[in-house]
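Here's a quick briefing for anyone meeting this structure for the first time. Have a look at the sequence and the model, then read on.

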Amino acid sequence: MTSTDTPARAAGSEPQPTRSIRPIRPPRRPAKTRTNLTLGDSRVARVLALTALAIGALIWLLPMSWALLTAFKSEQDASDPLNWFWPENGFTLDGFSQVWERGDLPLWMLNSLFIAAAVTVITVLVSAMAGYAFSRTQFKGRRWLFVITVAAVLVPPQILIVPWFQQMLTLNLLDTYAGVILPQTVAPAMVFILKKHFDSLPRELEEAARIDGAGHWRIFWSVLLPLSRPMLAAVAIFVFIGAWNNFLWPFISTSDPSLMTLPVGITAVKDAYGIQYAQSMASAVLAALPLVVVFVFFQRHIVKSVATTGLGGQ
């Protein structure tokens, strides 16, 4: 019976499919362990980065703290090498009062403010128009003129002192506000930055404005400038800081005490009365105070412009 049933089952039954033998793979590590290692590595890197930034901030703040504390010391304590950080006789405002009495500090600050503001307005306007012309217009010699502008960035301003002086002397502008302001409005670096910024703006806006009948001036003033406020604010702050701290050209182009700027006036007082550490630091604090105020109020525009436009390497 066994011999007869076996062929029947073999004839009437379908062949069974053969099962493929899968290779044995090593067990995977759980995703949680891999995620924890990644998070741990990122936390370590973050701690190291914050530690390095904190050390750098302390290194930068140490001389600033010393200068600020020295400004509130007496001359005796400021000259004492043993108590270089904390004064032995306490803090005082003698340094500020002596600087205020020995020089015409309000007039110098007013002159610096007026000259820096005028330089900023003229430079930003001229640089923006030049950047728009290089970016959105076509004219003969445009490429070579832009190459010359970029090459002018490499020229130190000290080399141009003699040509500027001869030019202002020919125009009879020495010992005038115009003679101090006009040479400082030449800023090839700002032209380059604004040109790159205008290149990054979409040209569809310009084409839509042309369809509505707008010309170059209307497009520049009503379309592109409102979109460039963060970059214009950053450029204005950089130009203002440079004009406020400029010493060489105002010192050479003016001999009238009523036209002295703050850096020139402070240097004149220091040279007349010798080296006074407390007074020098007090003068530096007074000169830097407006710049700190400007940066505090406009730092958002600087960060935004650096993050989104040509200053960030775009």
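**Aromatic rings and a helix crossing**

Tyr132 has a relative accessibility of 6%, so this residue counts as buried. Keep in mind that the model is a predicted one. From Tyr132 we can move on to its ring partner, and then to a pair of helices.

**The Tyr132 pair**
- Phe220 is buried too, since its relative accessibility is just 3%.
- In total, 13 aromatic pairs turn up in the model.
- Tyr132 and Phe220 make one such pair, with ring centres 5.4 Å apart and planes at 55°, so the pair counts as tilted.
- This pair ties together distant parts of the chain: Tyr132 sits in helix 5 (residues 105-136) and Phe220 in helix 11, with the two positions 88 residues apart.

**More rings around Phe220**
- Phe220 also pairs with Trp217, again tilted, at 5.8 Å centre to centre and 45° between the planes.
- Both Trp217 and Phe220 belong to helix 11, three residues apart, or about one turn of the helix.
- Trp217 is exposed, at 52% relative accessible area.
- Ring pairs join Tyr132, Phe198, Trp217, Phe220 and Trp221 into a cluster.

**Where helix 11 meets helix 12**
- Helix 11 (residues 216-227) and helix 12 (residues 229-245) have axes that come within 5 Å and cross at roughly 75°.
- That crossing makes the two helices roughly perpendicular.
- Helix 11 brings Leu225, Pro226 and Leu227 to the contact, while helix 12 brings Arg229, Pro230 and Leu232.
- By class, that's five nonpolar residues, one charged and no polar.

**A charge over a ring**
- Lys195 lies over the face of Phe146, 4.8 Å from the ring centre.

Notes
Residues are numbered from 1 along each chain as its sequence is written. This is a predicted model: local features need pLDDT of at least 70, side-chain atom pairs count only at pLDDT 80 or more; totals for chains, interfaces and linings use all residues. Side-chain values use heavy atoms; hydrogens and water are left out. Axes are lines fitted to C-alpha atoms, for helices over the stretch in contact, and angles run from 0 to 180 degrees between N-to-C directions. Helices (H or I, at least four residues) and strands (E, at least two) are DSSP runs, numbered from the N terminus. Angles under 35 degrees count as roughly parallel, over 145 as roughly antiparallel, 65 to 115 as roughly perpendicular and the rest as oblique. Contact means heavy atoms within 4.5 Å. Ala, Val, Leu, Ile, Met, Phe, Trp, Tyr, Cys and Pro count as nonpolar, Asp, Glu, Lys and Arg as charged, and the others, Gly among them, as polar. Rings of Phe, Tyr and Trp (its six-membered ring) pair if their centres lie within 6.5 Å; planes under 30 degrees apart count as stacked, over 60 as edge-to-face and the rest as tilted. Buried means under 20% relative accessible area, exposed over 50%, partly exposed in between (1.4 Å probe, protein chains only). A charge sits over a ring if NZ of Lys or CZ of Arg is within 6 Å of the ring centre and within 35 degrees of the ring normal.
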